[in-house]
Every structure is written in C-alpha cells, then in structure tokens.
Amino acid sequence: MKTLRSRKKSAWWKHVTGVLVFLLIWELSVRLGLFSSQQLSPPSQVIETFFAKLTDPRPDGETLGVHFLASFSVTLGGFSLACLIGIPLGLLMGYYRPVYLLVNPIFELLRPIPPIAWIPIVTLLLGIGAEARIFIIFLSAIVPAVINSYTGIQRTPQTYIHVGQSLGMSRWRIFTRICIPYALPTLFTGVRLSLSTAWAALVAAEMMASVQGLGYMIQMGRLLIKPDIIITGMLTIGCSGALMSLLLTLLENRLTKWGR
Amino acid sequence: MVGDICVRGIGKAFPAEGGGLHPVLEHVEFVIHDKEFLVLFGPSQCGKTVLMEILAGLTAPDSGSIQREDGTPLSTGDLCMVFQKYALFPWKTCLENVALPMKFRGIPRRARQEKAMAFLELVGLKGFEHKYPRHLSGGMKQRVAIARAYAKECPLLLFDEPFGALDAQTRLQMEEELLRIWQREQKTVVLITNSIDEALLLGDRILVLDGAPASILSEYDLRDLPRPRSLSHRDILALRQTILSNSSLDSNRQKEVERRG
Amino acid sequence: MKHTSSHGSFQEPWWWKLLPVASVALFLAVWHGAALCNPAMLPTPVETIRSLFDMLFFPTTQITLLDHVWASLRRVLIAYGLATLSGVLLGVLFGWSRNFHDFVYPIFELLRPIPPIAWIPLIIMWLGIGEGAKIAICFIGSFIPVVVNTFFGFTTLDRTYLKAAQVLGARQKDLLLEVVLPGIFPNILAGMKVALSAGWLCVIAAEMIAAREGLGYLIVRSMESGNMLNILVALIFIGSISAILSFLFSKLEKVVCPW
C-alpha cells in the first residue's frame, strides 16, 4: 500500500505513459470501428479541429477565440459581482448576528435551487442577452462566496477575539484586523468554489439561451453531428476552468504568506 | 520467548534538504535484558522515536541488527508499541480497540472479548468497555492504549514518550500504574522519555541517548535501588545530579568527540 | 453556534428574534408588489401557492406533478447508487496502489475540470435522449466528488493509525478493513453528500435539455410556453427536494458515523 508510505520519488514517466496509453486506446477505438466517426472523434482529429478553430469560424459561426472570450467575459462579470456583493455580505453575516438573522432566511430559501433552474425565470424576465447570463451566473456564484466568508469568520477562535478585546480594540477593529485575516483561507476556498460554480453555470446558460460562447459551441457541435467540435469545446472548457482555479490558488498563496 | 535482545550497530540517515544525507542515529548499541524495565533518556528531537520505530520493525535501519537471544532477528510479532498520541481507533469502542491484536491473531470473538475485558480491568477501566475514545480523557486513553499493547501478549513492549501529552498530575499517576502493571505482567519494557524524574522512577537501567547523530552515551544501573522509589531519596537525588550534569550539552559533545576518537 | 460578535454574557435583544420573520415578510411583500405591477409576467405569492396545491392534488394534465417529481428522483437515485459504489472503488484503488494512481490518476485529473453539464451534448449523441443519457450525466456529476473525497481521505489519514495497527499484528488485509476503510469513512460520507446535491443538479440540467418528463422538463416546457406559474411551482419543488435530501443525509451521517 505504497501511497500511504508516501514515496516521494518522481514518477512522471508513469503519468505520461498512462495518458499516452489512454490516448492510444481512444485513437484506435475510432480507427478500428468500435465507435463510428459520427459518435467519437479520435484525438488526432480533435487536435486538428482545435487548431483549425483558432482561426476558422466554421461550422458553428465563430472562432474558438471569440467563443472563449464571450464565455470568459460573462463569467468574469457574474463572478466579480458575486464576490463583490457576496463576500462582504458573508463577512458581515458572520460577525454581526442581526445581519445574519435578517439575511439568512432569504439565503436559505434561495440556496437549494440549482443554478441551472434559474435559467427559465431569468430568461423570461430578462431575455437571452449577456445581462441575463451574467445574472444567472451571479445567482449561482454568490452562494459559495457568502457561505465560505460566513464560515471563515465564524471559525475565528474566541481566544483571538479576547486578545483584541483586552487590547481595547473596538468591535469594528476586531472584525477588520483579526477576524477577516483569519477567515482568508476559508474565504479563498469559497472564491475558488464560486468560480468553478460560475463556470459550470455559464456552460449551462449558454447551452440553453445564447448564440455565442463555449457552451453554445458544444451544443452546435451536437446539432451538426460533429463530435470533434464537442470534444474540443469540452476540453477547452475543462482546461480554462482548471487554469483559472490555478491562478486563484497562486493569488491566494501570495496574499496569505503567513501560512495555514 | 525472546530472552535478552542485542541491539548492534544501528545507524540511520535521512535525505537532507539541499542534497546529501542527514545522519540521525549512529552506531547505537545496547542490550535489553529479559524482563527488565529499560529507560532510554534523552532530549526531544534526538532520534529516539526513529530508534523506537526501528526496534518495532516499522523502519529499516541503514546498518546494524537487532537479535534475540538465539540469534534470530527480532520480528514485529515479538513486540508491541504504545505511542505518544495514543493512536486509539476512534471508530472502535475501548473493548474493540483492546481486542484488536487478538482479532489479528485469529482468536474467536467470545474469547477475545473476555480477555479484553480482563485487560481493561487490569488498567482500571472496567465499565468503559463500550465507550468510544473521544469520551475519554487523555490519561484514560493512554490506559486503553496500554491495555491494548498488553493484549497482544508478546514478550517486549515499547513505550514512545507515552505520557508526554499528559498534565503533570496525571503523568505521575500513570507512571505508578505502568510500574504496577509491569511488575504484575512480567514483560520486558523499553520506555523513551525526556523526563529525568520519570526515568529515575521507572527504570532498572537508564541509557542516555543524545548527540547529533545520536548514540548511547552513558548507562546507569538502578537495579540496587529498592522499589517503590521516592524522588527525594538520597541516592536517587545524587544520581539525578550526576545524570543531569553529565547530560549537559557540552559534556555530551565532549563524550562524542572522545568516542569517535 | 457561538456568534463571533457576541462577547460572553451578551444577551440578545428580544426583537432580534423577529428579524427572520420580518425578512421573509419583506421578501414576500416585494414579490407581491412586483407581481401587482406586472400581472402578466409574475404571479403573486398567493397565486403560486394555490397553483401548487392545485397541481399536487387536482392534476389536470396527463402527467401529474408527482409523476414528474418521481421521474427526476428515480433517475438521481439510480445514478447516485452506481456513482457511490464505483466512486469509492476507484478512490480506494487510487489510494491503495501507488502504481494504479500514477498511471490512471492523470487521466482522471484531465477529465475532472469538465463540468458535468458540458458532457451533455456528447452523452446525448451517444445515448440519445432516453433514460440512459440522463442517468449517465447524473452519474458523472456524482462520481467525481466521491472519488475525489475518498482519495483525499487516503492522503489525510493519520499515519500513526497505520503504524499502531502494524505493531498490533495487522496484515495487509487487516490494514485495509480495520484501519483504512473506517478511517476514511467520514471522507467518503462527505463526498457522498456533495455527490447527492451534484446529482440532483445534473438531473435537472439533463432534463432541461432532453427529456419528456421530470421537473427539469417541466420547467423548460413552462419556459417555452411562457407559463411563469408552472416555473415557480417547479422551482419551489426543485429547491425543496434539494433541501430535504441534504437534511436527510445529515441525519443519516450522524447515525452511520457516530465518531
């Protein structure tokens, strides 16, 4: 059970081999006829399509870059809004009980609703423009932002607060100088979660009510029976999501150098 | 039975940051006499735990061997260990924890539960069989851990700073408990500690382990001192003075230099 | 839950207890007001509740509301069951065998960031729009958290437990059954909890895109026909079931994992 004995030796060749074998099986399964080319595109095809889509707007109407930017900008809009409103709200809820008592019931009412279920009601009220999508993403992404900010503050050990009190700090200063820094790691987890939720909600919104974006692109790929477009889109969505998460983690490490 | 155990030439090094090897133990040699209470005394972070894990068979030494009286190597089956962090399984009740080594040996349920009850009684925890570890205090948890180690019914028992996490009061109680159990069960015990008082109270012999890399620097024989011991006894106080002054940083370094020649 | 700003012997003013009530009342009032301004677009709270009862107890359509609810639930439960079993298995394999982990985990890491919803077009292309497709999508959504959390349990398991078991005489089989699996059980449960809400989310999403019954289908049909009332009723149901599932799971957790 070697994982538990944590051998630190680098096994990168195993990683690479594993991925290569996977790609090989994938490639062969299409070439040898296990899957028809209508159902699955081999990796070679996907790579080709990826590079083609960088400059070619066919067959779905836009290049990969345009789709990506459309998706990214909408996500960024909804996500930033969610954090700008959600984080302060969560922090205040964690520290001031009246705020919690006031906001929490509404929050608990709206929280269990899956992001995608907001689409019909928002679409009916706001149409299918970018604002509607930003709003849907906002609704989805605000939940983790609030919850994690709130939990982060709640977890501040009483000892630290007592220290602040004994130093004569006002309630507000304890909040800003003690509780908020302590809550930063949990908060950042919330921000990361918020981003991935936003990204997933975006894909959903685009698949249902949009004429641009990566979600729209993969939907078109299905309608045009072009699995290479679908897979290219899926991988782009996946990689972008992972990259954004990575960037956030790097930012967090910068800001919380005092360690976990 | 294992008889006397010979620890010969144990060395262990770990990869150091920035390349190379960081030696932790070097040429550790001593004998563990049958049925004695041996104390390994030394400051924290000097490699005592590494030595314990090597004795227990959890880590392999880079050099050296540990042999039983008949020449065969010591195996994990001959011994059991009590950790500083108790290591009681929180998903098992006290009884199930204590019965575990017997379960591994294949003893049927009814029999091992009866025996486990007996061991819990031995450590004074009758009535706590069906409680989960989280309901117990630190001292009680350690008693369960001791009961569990004895339940393996093996000739050698290793204790890795078992009372280090307890408060001073509980620690004294536990030391007396351990002594009582040892005298009753007649097993060989090796205990590591960084408390000189604990060493003087418990040990038949005290081996001082220190240095970087660590080795056995001196040995003190307490078998002539009668039990139960009192820390204010004249001879004990004298010994305490001797050990402490010899164990100062300078004199240890000095001895190391002498030893290496 | 000790509140951070309440210091020690702080007594809450009595009127604080009314705040939640006031909050909900305000919410309903705003809703009602907006509905009065926009009677065509937005029904009032009262109308919504009445409609909900009508749909529940006096169904007029061929497929009743409860039929839709059951269709959605059924799909989730099947997918969830499959995902939990296979997810735990894969997670344990990743943790137990270093080689398996080194070879296979990168592939998992490659596919993991893809949101389950993004799988929908591909799955539909493969499996059509039948039950299989929806269960497959839910499966993906539930599978990933179970694997991730189970494996995480392995990496965070206190090594002292393993050492203790070894000196107590455990063999490999014993280590797995007596130490590792119970030790990571809380993590498995955490993964299952996330997986349940993920599964519910996915089934709604899948039904919104390709289904003939289910709450997701209901809500998207209502969107197409502009029937706000139905949308709201479906929304209430979707939210309620989600909350009930979470609640039930928390209760289950306490029973199954007393430590």
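**Figure 1. Pairing of strands S5 and S6 in chain B of the predicted model.** In this predicted model, B:Cys80 of S5(B) has B:Leu157 as its bridge partner in S6(B). The two strands run parallel and are joined by four bridges, S6(B) comprising residues 156-160. The side chains of S5(B) alternate in direction: B:Leu79 and B:Met81 point one way, B:Cys80 and B:Val82 point the other way, and all are buried.

**Figure 2. The six-stranded sheet of chain B.** The strand order of this open sheet is S5-S6-S7-S3-S8-S9, and the pairing is mixed. S5 and strand S9 (215-221) of chain B occupy the edges; each has a single partner strand, so one side of each lacks a neighbour in the sheet. From one strand to the next, the twist averages 20°. At the S9 edge, strand S8 (residues 205-210) of chain B runs antiparallel to S9(B), and six bridges join the two. Within this pairing, B:Leu207 stands opposite B:Glu219 of S9(B). In general, the strands of a sheet pair through backbone hydrogen bonds, in either a parallel or an antiparallel sense.

**Figure 3. The three-stranded sheet of chain B.** A further open sheet has the order S2-S1-S4, with antiparallel pairing. Its edges are formed by strand S2 (21-32) and strand S4 (63-67) of chain B, each of which has a single partner strand, so one side of each is left without a neighbour in the sheet. The twist here averages 20° from one strand to the next. Strand S1 (residues 5-15) of chain B pairs with S2(B) in the antiparallel sense over eight bridges. B:Cys6 has B:Val31 as its bridge partner in S2(B).

**Figure 4. The contact between chains B and C.** Chain B contributes 19 residues, which are in contact with 14 residues of chain C. On the chain B side, strand S5 (79-82) and helix H2 (94-105) each supply at least two residues. H2(B) provides the largest share of that side, four residues. By class, the side of chain B that touches chain C consists of 13 nonpolar, two polar and four charged residues. Chain B makes no contact with chain A; the closest C-alpha atoms of these two chains lie 11 Å apart.

**Figure 5. The contact between chains A and C.** Of the two pairs of chains that touch, chains A and C have the most contacts. The contact involves 57 residues of chain A and 55 residues of chain C. Among the elements of chain C that each supply at least two residues to this side are helix H1 (18-37), helix H3 (65-96), helix H8 (172-209) and helix H10 (228-256). H8(C) gives the most, with eight residues. The side of chain C that touches chain A divides into 39 nonpolar, 13 polar and three charged residues.

**Figure 6. Packing of helices H3 and H8 in chain A.** Helix H3 (residues 64-95) and helix H8 (residues 171-208) of chain A pack at an angle of about 145°, and their axes are 8 Å apart. The crossing of H3(A) past H8(A) is right-handed. Contributors from H3(A) include A:Ser71, A:Gly78, A:Phe79 and A:Tyr95, while those from H8(A) include A:Phe175, A:Ala183, A:Trp199 and A:Glu206. The residues of this contact comprise 17 nonpolar, four polar and one charged.

**Figure 7. The surroundings of A:Phe175 in helix H8 of chain A.** A:Phe175 has 22 C-beta neighbours inside 10 Å and therefore counts as buried, the threshold being 20 or more. Leaving aside residues up to four places away in sequence, A:Phe175 touches A:Tyr95 and A:Ile180. A:Gly94 is 81 residues from A:Phe175 along the chain, yet their C-alpha atoms are separated by 9.8 Å.

**Figure 8. The largest nonpolar core.** This core has 212 residues, and those with the most contacts inside it are A:Ile137, A:Ala204 and C:Ala206. H8(A) gives the most to the core, with 18 residues. Residues up to four places away in sequence excluded, A:Ala204 touches A:Pro115, A:Ile116, A:Ile119 and A:Gly215, together with C:Ile117 and C:Ala205.

Conventions. Residues numbered from 1 in each chain as written. Chains lettered and ligands numbered in written order. Predicted model: local features only at pLDDT ≥ 70, side-chain atom pairs only at ≥ 80, totals over all residues. Contact = placed C-beta atoms within 7 Å. Nonpolar A, V, L, I, M, F, W, Y, C, P; charged D, E, K, R; others polar. Pairing = 2+ DSSP bridges. Axes fitted to C-alpha atoms, helices over the stretch in contact; angles between N-to-C directions. Left-handed = near helix turned anticlockwise from the far one by under 90°. Core = buried A, V, L, I, M, F, W, Y, C linked by C-beta atoms within 7 Å. Buried ≥ 20, exposed ≤ 12 C-beta atoms within 10 Å, placed from the backbone.
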